[in-house]
Amino acid sequence: MTLLSFTPSRHLNPTTTCFSILRPPPLINPLSSSLFFSSPTSSPPTLPIYRLPRPSLPLLSPPRAASSSAVDFLLHDASATALVLAGAYTLVLCFDYLTKRNVLQQSLSRKLVHISSGLLFVLSWPIFSTSTEARYFATVVPLFNGLRLLLSGLSLVPNEGLVKSVTREGNPKELLRGPLYYVLILIVCALVFWRESPVGVISLAMMCGGDGVADIMGRRFGSIKIPYNQKKSWAGSISMFVFGSLVSLAMLYYYSCLGYFNLDWAKTVQKVVFVSLVATAVESIPITEVVDDNISVPLASMAAAYLSFSL
């Protein structure tokens with residue numbers, strides 16, 4: 001009696017993919033060898049033939065999942081951009097309405113827009129996705145506002161409400177200086193630092209919260225001027241130092257709660273105080289006619305914050 005094994009036929013369909021797994025012949029008990037006959041030259045036993053599985057839908061799912069994720073990120077960031085744009089536009093309209101109703105003075109309305117728009121922009125960053133392109137979607141908001149400033153400042157598209165809300169003297173050409181610099185700093189901080197570094201957050205907090213409050217407090221309580229700059233007051237500088245520090249710490253705490261920053265708060269307070277002191281000193285220097293505060297203050301804050309948080 002011969003031990004039979006299945007041997008692949010040469011007449012199999014060429015389109016059928018198959019293979020055989022070879023294994024060594026089993027050990028045969030010498031006492032029972034008479035029960036079996038095997039030729040030493042016979043081919044080794046084979047296992048049954050298995051058909052290779054055809055590619056199924058799950059094998060194609062990873063690329064589709066990646067594509068789906070990219071689409072989800074795109075829709076998420078586009079929605080976030082539209083939401084922030086609507087919020088920024090509504091904010092300006094509200095202050096414009098209050099100014100027209102004489103509820104707010106033009107100077108106060110301008111500074112409130114200066115403070116709130118930048119801080120709300122920073123607060124909105126976490127609503128964007130975790131994709132690498134999210135920061136570019138976020139910059140659409142200040143880019144849009146920058147385009148409005150350019151068109152109005154060049155008198156291509158007159159916008160009386162915008163001029164009253166963000167200028168000192170109601171001159172459209174003012175839009176091409178301080179307000180435009182303000183927008184450019186927002187773009188730089190979003191692109192360069194984003195949610196990955198406290199440097200951008202602190203810089204915008206000092207420019208919006210610190211410098212904005214300094215102007216309001218200086219106008220109301222700034223009777224005592226700084227000796228080396230009669231356009232600045234002690235009340236304004238002290239307010240900038242205090243509120244700049246508080247707003248910066250509040251923003252850092254906000255991002256820490258969301259898991260973006262992991263900070264040693266004892267050292268962080270000292271670093272923020274140092275940055276606020278540097279920004280306040282720069283703001284008090286009489287160089288406004290040469291360099292606008294919306295450039296000097298955030299750049300000084302960036303340098304000081306980068307230096308202190310890198311050590």
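Me: What pattern does the protein chain follow, read along the sequence?
Reply: Read that way, the elements go β-β-α-α-α-α-α-α-α-β-β-α-α-α, which comes to 10 helices and 4 strands. Those labels are DSSP runs numbered from the N terminus: H or I over at least four residues for a helix, E over at least two for a strand. Bear in mind that this is a predicted model, where local features need pLDDT of at least 70 and side-chain atom pairs pLDDT 80 or more, while totals for chains, interfaces and linings use all residues. Residues are numbered from 1 along each chain as its sequence is written, and side-chain values use heavy atoms, leaving out hydrogens and water.

Me: Why is Asp 96 called buried?
Reply: Buried means under 20% relative accessible area, exposed means over 50%, and partly exposed is in between (1.4 Å probe, protein chains only). Asp 96 comes in at 10%, so it is buried. Across the 311 residues of the protein chain, 38% get that label.

Me: What makes Lys 100 and Asp 96 a salt bridge?
Reply: The test is a side-chain nitrogen of Lys or Arg within 4 Å of a carboxyl oxygen of Asp or Glu. Lys 100 and Asp 96 have an N to O distance of 3.7 Å, so the pair passes that test. They both sit in helix H1, 4 residues apart, about one turn of the helix. Lys 100 itself is exposed because its relative accessibility is 55%. The structure holds 7 salt bridges.

Me: Why does the pair of Glu 196 and Arg 135 tie together parts that are apart in sequence?
Reply: Start with the distance: the closest N and O atoms of Glu 196 and Arg 135 are 2.5 Å apart, a salt bridge. Glu 196 is in the loop between H6 and H7 and Arg 135 is in helix H3, so the bridge joins parts 61 residues apart in sequence. The two ends get opposite labels: Glu 196 is exposed at 58%, and Arg 135 is buried at 13%.

Me: Which residues are linked in a network with Asp 215?
Reply: Arg 110 and Arg 219 join Asp 215 in a network of salt bridges. Asp 215 meets Arg 219 at 2.9 Å, N to O, and both lie in helix H7, 4 residues apart. Asp 215 is at 18% relative accessibility, so it counts as buried; Arg 219, at 49%, is partly exposed. Not counting residues up to four places away in sequence, Asp 215 touches Arg 110, Lys 111 and Arg 168, where contact means heavy atoms within 4.5 Å.

Me: How do you know that Arg 148 has no salt bridge?
Reply: Lys and Arg count as positive and Asp and Glu as negative, with His and the chain ends not counted. For Arg 148, a buried residue, the nearest side chain of opposite charge is Asp 96, 7.9 Å away. Arg 148 sits in helix H4 (residues 140-153). Leaving aside neighbours within four places in sequence, Arg 148 contacts Tyr 89, Asn 159 and Leu 162.

Me: What makes a nonpolar core, and which residues touch the most other members of the largest?
Reply: A core is a set of buried Ala, Val, Leu, Ile, Met, Phe, Trp, Tyr and Cys residues joined through side-chain atoms within 4.5 Å. The largest one has 43 residues, and Trp 125, Phe 128, Trp 194, Val 201, Leu 204, Met 206 and Met 207 touch the most other members. H7 gives the most to this core, with 11 residues. A second, separate core of 13 residues includes Leu 91, Val 113, Val 183 and Ile 187.

Me: Why does Phe 243 count as buried, exposed or partly exposed?
Reply: Phe 243, in helix H8, is at 36% relative accessibility, so it is partly exposed. It is one of the residues in a nonpolar surface patch with Ile 224, Trp 234, Ile 238, Val 242 and Leu 246, about 590 Å² of accessible area together. Patch members need over 30% relative accessible area and no salt bridge; like charges are joined within 9 Å, nonpolar side chains (Val, Leu, Ile, Met, Phe, Trp, Tyr) within 5 Å. The areas come from Shrake-Rupley with a 1.4 Å probe, and for residues only the protein chains shown count as cover.

Me: What is notable about the phi of Asn 102?
Reply: Asn 102 has a positive phi of about 60° although it is not a glycine. Asn 102 lies in the loop between H1 and H2, and at 67% relative accessibility it counts as exposed. Ser 155 also has a positive phi of about 60° without being a glycine.
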